[in-house]
Amino acid sequence: GAGELREEALGQLGPALQRLTFAADGPGLIRSQERIALRYLVLGPEGALDRSVIQSVSLRSLVPDLPRWGSFRSSDDLLGRIYDAAAYTVQVCAQGYYEDGVKRDTCLWSGDLRLAARMGYTAFADRDLALRSLDALAAWRVHDGAIPPMVGHSYLLTDYVCWWVIALEDYLLHTGDIASVK
């Protein structure tokens with residue numbers, strides 16, 4: 001199992017949220033079939049005892065290298081640390097678009113897009129990920145033209161349609177890119 005807490009990876013907090021499957025990737029090598037987010041990883045055979053020996057484990061970070069543009073400092077050091085944590089969280093979630101929940105959801109939600117994009121404008125002077133995210137959601141419009149709350153689904157949550165419109169307005173205000181908004 002994998003998780004943010006040791007107990008979660010060990011399965012002591014209930015059913016694992018992330019089930020891992022592996023496939024052969026060369027002689028003596030296996031590779032996870034899923035992109036996962038974790039702090040702890042527990043590897044072992046499932047079911048019967050296995051005599052295999054794990055000799056090494058390596059992980060590849062998928063945190064994109066976004067150049068830092070903005071920062072926040074004040075007389076309260078805690079506020080600066082909160083800003084830095086928020087910027088890093090958005091950076092981790094920048095996976096081709098602003099992905100919500102790199103651990104669980106791993107998808108684009110319009111409500112979360114608005115918050116992530118605002119941090120992206122401030123911390124990274126981003127416009128590309130924000131526009132790509134807005135376009136991805138718009139591409140999933142349903143029959144009446146409404147935009148679903150997340151990529152890949154056709155159900156509607158009315159307030160999430162509104163969040164997409166608000167995120168589009170934010171994009172325009174932060175970038176001035178009227179051509180893309182039209």
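Here is a short chat about a predicted model and a few of its buried residues.

Modeller: Local features here need pLDDT of at least 70, side-chain atom pairs count only at pLDDT 80 or more, and totals for chains, interfaces and linings use all residues. Residues are numbered from 1 along each chain as its sequence is written, and side-chain values use heavy atoms, leaving out hydrogens and water.

Biologist: Why is Ser133 called buried?

Modeller: Buried means under 20% relative accessible area, exposed over 50%, partly exposed in between (1.4 Å probe, protein chains only). Ser133 has 0%, so Ser133 counts as buried.

Biologist: What makes the link from the side chain of Ser133 to the backbone oxygen of Leu129 a polar contact?

Modeller: A polar contact is a pair of N or O atoms within 3.5 Å; within protein, one must be able to donate a hydrogen and the other to accept it, and residues adjacent in sequence count only if both atoms are side-chain atoms. The distance here is 2.8 Å, and therefore it falls within the 3.5 Å limit.

Biologist: And how do you know that Asp126 has no salt bridge?

Modeller: A salt bridge needs a side-chain nitrogen of Lys or Arg within 4 Å of a carboxyl oxygen of Asp or Glu. The nearest side chain of opposite charge (Lys and Arg count as positive, Asp and Glu as negative; His and the chain ends are not counted) is Arg132, 6.8 Å away. That is beyond 4 Å, so no salt bridge is assigned to Asp126.

Biologist: Which side chain does the side chain of Asp126 make a polar contact with?

Modeller: That partner is Tyr98, at 2.8 Å.
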